[in-house]
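Please have the sequence and the structure open while reading this report. It starts at the ligand and then moves outward through the fold.

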Amino acid sequence: MDKKEILKTSKEYEASLKAMKPNIIKDKFLENPYDDEDIQKGMNVVSLSYDYAQDPKHKDLMTIESPLTGKIINRFNNIPTTKEELSARLKMIYTLSTEVTCAQRCVGGDGLWALFIGTDQLDKSNKSKTNYHQRLINYLRYIQDNDIAPATAVTDAKGDRSLPPSEQEEKNSYVHVEKETKDGIYVSGIKTPITMSLYTEEIIVLPGLQYSESDKNCAVAFAIPSDAEGIERYALGPDVTSLCGEFCPAHGTKYLNKEGMVIFNNVFIPKERIFLNGEHRFAAIFANLFATLHRFSYLACKPAIYDIMTGTAMLISEFNGTKGEYFLSNTSEKIFEIYKQSIIVSAMAKSAIEAAQVTESGAILPDPVYSNMGKYVASEYFPTAISILQDMSGNLPTNLPYPELLRSEKYGPHVSPLFARKKGISSEDHYKLNEWIRVFTASNEAGLLQYGSKHGGGNVEAEKVAIYGNSLRRMSQCKKMVKKFILDK
Ligand code: SF4
């Protein structure tokens, strides 16, 4: 490792996970969680972000000199300060996402970034009577100096949605402070579903909502090693055992987004790792900062997904011979319907960068309206794009014969004619493409992808609220403008 470089190898990352105290439960307690195939596939996704940082082909994109330490670090752990850094960050997420669909490591970086801006605002509003920002800087230095890929846990279990936390019968529906001592706080509660939580060394916790004075014990932000005393992690569904076999795409056989639930049972958080503690007015500020930043990150992975879908649509129409050669074909229009989303979301990303503002903390904040609108548009259209792909591929992806038969001397010649399409395309290639479409549109994992696209980083309602809330001044100008040319003539 170069003196100035703090870049762990993927082997070192995996070794750090394996050295932690096991606390992961799937259908039973896992003594060796990183031997579990699904968890391993999730770990492989994060490993790729370490491998790419070492790879000369991607190194410039994946790394940056830290203004804090002067060392070369993984870009995910850097706090962006310029528009160029915002662009590079999105390019990095796009590049990883074209291989793994969800880069996952964005969540930790976005959590650090949100805390960097939020703690600065909080200390300033407290007239510097608190030192949350300095604590965060110390923590950031620790993360950078050890090249840790943290997870960020925001969403609480939430219980009865009509009641605030203090009126919930089940107190653990929200992560809350149980007790405070001079050395720190004790917290309990459930955060779920939390991306990357099963294969990380550190968990950053942020409030998920705004809280009133009576719920101020939920207004808490902190960071904690993921094997700390009192933490339990649960591997969540779906069961993806169908993602295997020689014709399954690498995405299913090697990579997976395996979500986790994190339960805090009276976990001690030392003072120096607490970044918000009872200042309830700031709970919403922290939550909204994270939401904006994570939705901004979506503006990189979603164009990647739409580009993957565009390529898939083009390939299946080529394989099937429906590329517009006969008069009823409207394939080009269908491909266009998918592809246009990539352009729209990418344009939102460019606008969010163009209108970004440097905050008092020194960190830059992408424009919240364009960030939220980009995520909103990407999510809203996703089921339509999936449906177009299903339409274009016919019913073969969900009705494939067992793959072993293709290789069988006896049955291979019987089933191969099913795959006869354009001359020159082998049965194997046709099988692989249809299997990929099945994985992407009709497997358990496809369901996870669709749910993730809807709810990840907040659902569309939350995005609308953010867009509306940040657009009130402009919208009232719209009203004034119409009044002027209609009523005040
Ligand atoms: Fe990153 Fe979230 Fe997109 Fe996954 S879904 S690549 S974690 S922004």
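## Ligand site

Nine names make up the list to highlight: Ser-97, Cys-102, Ala-103, Gln-104, Cys-106, His-294, Ser-297, Tyr-298 and Cys-301 surround the ligand. The model is a predicted one. Which helix gives the largest share of this shell? Helix α8 does, with four residues. By class, five residues of the shell are nonpolar and four are polar. None is charged.

## The four-stranded sheet

Helix α8 covers residues 281–320 and also packs on a sheet. That sheet is open and has four strands, in the order β4-β7-β8-β11. Its pairing is mixed. The edges are β4 (151–153) and β11 (274–277), and each of these pairs on one side only. From one strand to the next, the twist averages 20°.

Strand β7 spans residues 202–205 and runs parallel to β4, with three bridges between the two. In one of these pairings, Ala-153 has Val-205 of β7 as its bridge partner.

Two helices deserve a look here. Helix α5 (residues 106–125) lies across β4, β7, β8 (220–225) and β11. Its direction is at about 60° to β4. Helix α8 touches β4, β8 and β11. The direction of α8 makes about 130° with that of β11.

## The five-stranded sheet

A second open sheet is built from five strands, in the order β1-β9-β10-β6-β5. Its pairing is mixed as well. β1 (24–25) and β5 (176–180) stand at the edges with a single partner strand each, so one side of each has no neighbour in the sheet.

Inside this sheet, strand β9 (residues 231–235) and strand β10 (residues 260–270) run antiparallel. Five bridges join them. Ile-231 has Phe-264 in β10 as its bridge partner.

Strand β6 (residues 184–194) holds Pro-193. The peptide bond from Thr-192 to Pro-193 is cis, and its omega is near -15°.

## Helix α1: two sides

Helix α1 covers residues 10–18, and its buried residues are Ser-10, Tyr-13, Glu-14, Ser-16 and Leu-17. Why do these residues line one face of the helix? Seen down the axis of α1, they fall within an arc of 155°, so they share one face. The general rule fits on one line: an α-helix has 3.6 residues a turn, so residues three or four places apart point the same way. The buried residues of α1 pack against α2 (37–54). Lys-11 and Lys-18, on the other side of α1, are exposed.

## Positive phi outside glycine

Lys-127 has a positive phi although it is not a glycine. Met-196 is also a residue other than glycine with a positive phi. The table sets out both.

| Residue | Phi | Loop | Relative accessibility |
|---|---|---|---|
| Lys-127 | about 55° | between α5 and α6 (132–145) | 69% |
| Met-196 | near 75° | between β6 and β7 | 0% |

Is each of these residues buried or exposed? Lys-127 is exposed, whereas Met-196 counts as buried. The loop with Lys-127 follows on from the helix that lies across the four-stranded sheet, α5. The loop with Met-196 lies between β6 and β7; β6 belongs to the five-stranded sheet, and β7 to the four-stranded one.

How values were computed: Residues numbered from 1 in each chain as written. Predicted model: local features only at pLDDT ≥ 70, side-chain atom pairs only at ≥ 80, totals over all residues. Heavy atoms only, no water. Pairing = 2+ DSSP bridges. Axes fitted to C-alpha atoms, helices over the stretch in contact; angles between N-to-C directions. Contact = heavy atoms within 4.5 Å. Buried < 20%, exposed > 50% of the residue type's maximum accessible area, 1.4 Å probe, protein only. Arc of directions from axis to C-beta. Near = heavy atom within 4 Å. Nonpolar A, V, L, I, M, F, W, Y, C, P; charged D, E, K, R; others polar.
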